[in-house]
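Hi,

Here is the structure I said I would pass on. Have a look at it first, and then read my notes below.

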Amino acid sequence: MRDERLDRWLTALVGTPGLTAVSDPDEARRLHLEAALEAAPLIEDGPVVDVGSGGGSPGLPLAAARPDIRFDLLESAHKKCDFLTRWASEFENVSVVCARAEEHARGPGRDAYRTALARALAPPPVAVEWCLPLVAPGGRAILFVGPSVDESAVETAAAELAAEIEDAAPGFLLLRKTGPTPERFPRRPGMARKRPLA
């Protein structure tokens, strides 16, 4: 898929300090664009939230691939939000939410999305706690994971948040939300990383 908006975004991403450690344009394309697009077939419906969007991957490539679905890029760092806001303006189906996942899930983001995405966000049990409170019952979270992921730990965390693991292609974990977010989640900012559920 060639989209000149994504070409320009990739150039800006690589050229902006603090957004990616990748400086080679070909490697950036492989990592931030091509690998992100591997999740496109997994998105059933929207709206979609890209949790901890950083420089905009996987959210922007997937928004370009699925113009029929609304995407929110959720990011807490203001410098990254400024960058995302600049590039979101190029896509009619993209908005930026500048907040922590825990804050958004205690407010308008709670159970509000059909799909949550997380890539290079945190260890999977932590990412689960940040993503699932944003997902409506019946929706799902899509986590990009490495080959050494501990699925049993993710399963434990998911069960606390009314979700279960579904079969997925290598490189992904799919978590189906089976009920509303339990009232005690999300815990206050910092707790998921400090005391993971698994």
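**Loops, helices and a pocket**

Proline 186 sits in the loop that runs between strand 7 (172–177) and helix 8 (191–194). Before you go further, keep in mind that this is a predicted model. I began with that proline because the peptide bond is worth a look: phenylalanine 185 and proline 186 are joined by a cis bond, with omega at about -5°.

There is another cis peptide bond, between serine 57 and proline 58, and there omega is about 15°. Where does proline 58 lie? Proline 58 is in the loop between strand 1 (48–51) and helix 3 (59–65).

While on backbone geometry, take a look at aspartate 111 too. Its phi is near 50°, which is a positive value in a residue other than glycine. You will find aspartate 111 in the loop between helix 5 and strand 4 (113–118).

Now for the helix packing, starting with helix 1 (residues 4–15). The axes of helix 1 and helix 2 come within 11 Å and cross at roughly 115°. The two helices are therefore roughly perpendicular to each other, and their crossing is right-handed. On the helix 1 side, the contact is made by Leu6, Asp7, Trp9, Leu10, Leu13 and Val14, and helix 2 brings in Ala28, Arg29, His32 and Leu33. By class, that contact of helix 1 with helix 2 splits into 7 nonpolar, 1 polar and 2 charged residues.

Helix 1 also packs against helix 4 (residues 78–88), at an angle of about 160° and with the axes 11 Å apart. Roughly parallel or roughly antiparallel? Helix 1 and helix 4 are roughly antiparallel, since angles over 145 degrees count that way. Helix 1 passes helix 4 in a right-handed crossing. Here Arg5, Arg8, Trp9, Ala12 and Leu13 of helix 1 meet Phe83, Arg86 and Trp87 of helix 4. The residues in this contact of helix 1 with helix 4 are 5 nonpolar, no polar and 3 charged. Note that Trp9 and Leu13 appear in the contact with helix 2 and again in the contact with helix 4.

The remaining pair in my notes is helix 6 (residues 124–131) with helix 7 (residues 151–160), which pack at an angle of about 25° with their axes 8 Å apart. That angle makes helix 6 roughly parallel to helix 7. The crossing of helix 6 and helix 7 is right-handed. Pro124, Pro125 and Val128 in helix 6 meet Ala153, Val154, Ala157 and Ala158 in helix 7. What classes of residue does this contact of helix 6 with helix 7 have? It has 7 nonpolar residues, with no polar and no charged ones.

Last, the pocket, in case you want to set up a grid there. The largest pocket holds about 560 Å³ of space. It is lined by 25 residues, and those closest to its centre are Gly52, Gly54, Glu75, Ala120 and Leu121. Which elements give two or more residues to the lining? They are helix 2 (25–37), strand 2 (71–75) and helix 5 (101–106). So helix 2 turns up in the pocket lining as well as in the contact with helix 1. By class, the lining of the largest pocket has 10 nonpolar, 9 polar and 6 charged residues.

Cheers

Terms used:
Residues numbered from 1 in each chain as written. Predicted model: local features only at pLDDT ≥ 70, side-chain atom pairs only at ≥ 80, totals over all residues. Heavy atoms only, no water. Axes fitted to C-alpha atoms, helices over the stretch in contact; angles between N-to-C directions. Helix = DSSP H or I, 4+ residues; strand = E, 2+ residues; numbered from the N terminus. Parallel < 35°, antiparallel > 145°, perpendicular 65-115°, else oblique. Left-handed = near helix turned anticlockwise from the far one by under 90°. Contact = heavy atoms within 4.5 Å. Nonpolar A, V, L, I, M, F, W, Y, C, P; charged D, E, K, R; others polar. 1 Å grid on protein atoms, 1.4 Å probe; cavity = no way out; pocket = protein on both sides within 12 Å on 5 of 7 lines; lining within 4 Å. Points joined across faces, edges and corners; volume = space filled by probe spheres on them.
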